[in-house]
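Here is my note on the model you asked about. I have put it in numbered points so that you can keep the structure open beside it and take one point at a time.

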Amino acid sequence: MAAGVLYTYPQNFRAYKALIAAQYSGAELRVAPDFVFGETNKSEEFLSKFPAGKVPAYESADGKVLLTESNAIAYYVANAALRGEDVETQARIWQWASWADSELLPASCAWVFPYLGIMQFNKQNVERAKADLLAALRLLDEHLLTRTFLVTERITLADIIVFSTLLHAFQHVLEPSVRASLVNAVRWFNTVAQQPRVAAAVGSVQLCAAAPTYDPKKYQELTQSKKEGGKKDKKAEKKEQQQKKKEEAPPAEPADDLDEKPKESKDPFDSMPKGTFNMDDFKRCYSNEDEAKSIPYFWEKFDPENYSIWYAEYKYPEELAKVFMSCNLITGMFQRLDKMRKQAFASVCLFGEDNNSSISGVWVWRGQELAFPLSPDWQIDYESYDWKKLDPSSEETKKLVQEYFSWSGTDKQGRKFNQGKIFK
């Protein structure tokens, strides 16, 4: 039986996956006391175990098992009944887990966050996210027409992961008139929420009572309430020091959930050295010249000390269906990363055809670390991709840049280039 500690902050919906799973399996999972996001997960001790500084994070009692991805943690502390007794059941469970990460999570965050004051409100983006989430929920509703749970006749990790991912949407934006058209999905959600072991981890779940309304002052109010309520157990001096640090330093890496977001601030890239690479000049060259000129220009001007190159690959190619839908996935990500455009450039390509395709791309931005954790506005989609930092001096990197910037070549499986999109 698994035993260990979970590093997280209160009401982190990702952490609920492991906490619920532990209730069912009997795993001895305790939450680390006095965890403060932006402080505990930035300490040398924490980073020595979890270099990315992400939460939730899990450490086994003997210190031999260190995990950070919430689905992986939930799987580790679960039992055979939750994981699936046979390979087919396990595959179906992870099909739902992947679907939750790729279809539910981005849309839910983009719809919920603005109303909670965590993201800037953009009506077009919110309406698009609402449409995306409702489309996914209609599929869920249809699947549950003749089923109590998602995969088997008992709760599995599929139910736990999808439930946790949808929790904030049901609490904050899925008001009664919307829920009325999703009878089966609502019945399933309430059934899961009312399970004693789920309630023991999550508490009583109150569904959204009315249509959400946007309050431009809510961000400031939420930030202030978190300062006052989230750290009551800390000494006043420590709180003052932390506040001073926030005001004087660049924004800390934001949480991956609704309850720990830093204050809105200036562009995080502004805190980094400018270097010699002029992103705007390169973008103009790329837009106005053939690749025969723009790509050599890129390498002539590129500043490897202050800028980095990254390869991104979509994690769930098996779920990509129609090409136009996959392209919409790329476009949606670009739109949600609009504030990142000033100091970033990317060429993201779709390879293959309907029901046999992949998405990958080459990204360039200021700084040497993965950029997305720097701002809450940038975090919605990036976890659906595997990211690899490239060596700008290697021939492999030069080949990748050549192929992606010129929209040529094939993917790792030999699928031919279909179409591409440029982030600039």
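1. Start with helix H1 (residues 13-25), which lies across strand S1 (3-7) and S2 and runs at about 145° to S2. Helix H3 (residues 70-77) packs on the sheet too, touching S1, S3 and S4, and its direction makes about 35° with that of S3. Contact here means heavy atoms within 4.5 Å. Angles run from 0 to 180 degrees between N-to-C directions, with axes as lines fitted to C-alpha atoms, for helices over the stretch in contact. Helices (H or I, at least four residues) and strands (E, at least two) are DSSP runs, numbered from the N terminus.

2. Please keep in mind that this is a predicted model: local features need pLDDT of at least 70, side-chain atom pairs count only at pLDDT 80 or more, and totals for chains, interfaces and linings use all residues. Residues are numbered from 1 along each chain as its sequence is written, and side-chain values use heavy atoms, with hydrogens and water left out.

3. The sheet under H1 and H3 is worth tracing next. What is the order of its four strands? This open sheet runs S2-S1-S3-S4, with mixed pairing. Strand S2 (28-31) and strand S4 (66-67) stand at the edges with a single partner strand each, so one side of each has no neighbour in the sheet. Strand S3 (residues 57-60) and S4 pair in the antiparallel sense over two bridges, and glutamate 59 has leucine 66 in S4 as its bridge partner. Two strands count as paired if DSSP finds at least two bridges between them.

4. Now move to the other sheet. Five strands form an open sheet in the order S8-S5-S7-S6-S9, with antiparallel pairing. Its edge strands, S8 (385-390) and S9 (417-423), each pair on one side only. On average, neighbouring strands are turned by 20° against each other, direction ignored.

5. Strand S6 (344-353) is a good one to follow. Nine of its ten residues are buried (under 20% relative accessible area with a 1.4 Å probe, protein chains only; exposed is over 50%, partly exposed in between), so S6 is largely enclosed by the rest of the structure. S6 pairs with S7 in the antiparallel sense over ten bridges, and with S9, also antiparallel, over six. The bridge partner of serine 347 is isoleucine 422 in S9. S6 and S7 form a hairpin with two residues between them, and asparagine 355 in the turn has a positive phi of about 65°.

6. Which residues face tryptophan 365 in S7? Serine 308 stands opposite tryptophan 365, and alanine 344 has tryptophan 365 as its bridge partner. Strand S5 (residues 307-314) pairs with S7 (residues 356-366) in the antiparallel sense over seven bridges.

7. Two helices deserve a look here. Helix H13 (residues 279-288) lies across S5, S6, S7 and S9, at about 40° to S6. In helix H14 (residues 291-301), the buried residues are Ser294, Ile295 and Phe298. Seen down the axis of H14, they fall within an arc of 95° (taken from the directions from the helix axis to the C-beta atoms), so they line one face of the helix. Their cover includes H13, S5, S7 and helix H16 (395-405). The face turned away carries the exposed Ala292, Lys293 and Glu300.

8. Last, the rings. The structure holds 45 aromatic pairs (rings of Phe, Tyr and Trp, its six-membered ring, with centres within 6.5 Å; planes under 30 degrees apart are stacked, over 60 edge-to-face, the rest tilted). Phenylalanine 277 and phenylalanine 298 meet edge-to-face, 5.8 Å centre to centre with 85° between the planes. Phenylalanine 277 lies in the loop between helix H12 (236-248) and H13, and phenylalanine 298 in H14, so the pair ties together parts 21 residues apart in sequence. Both are buried.
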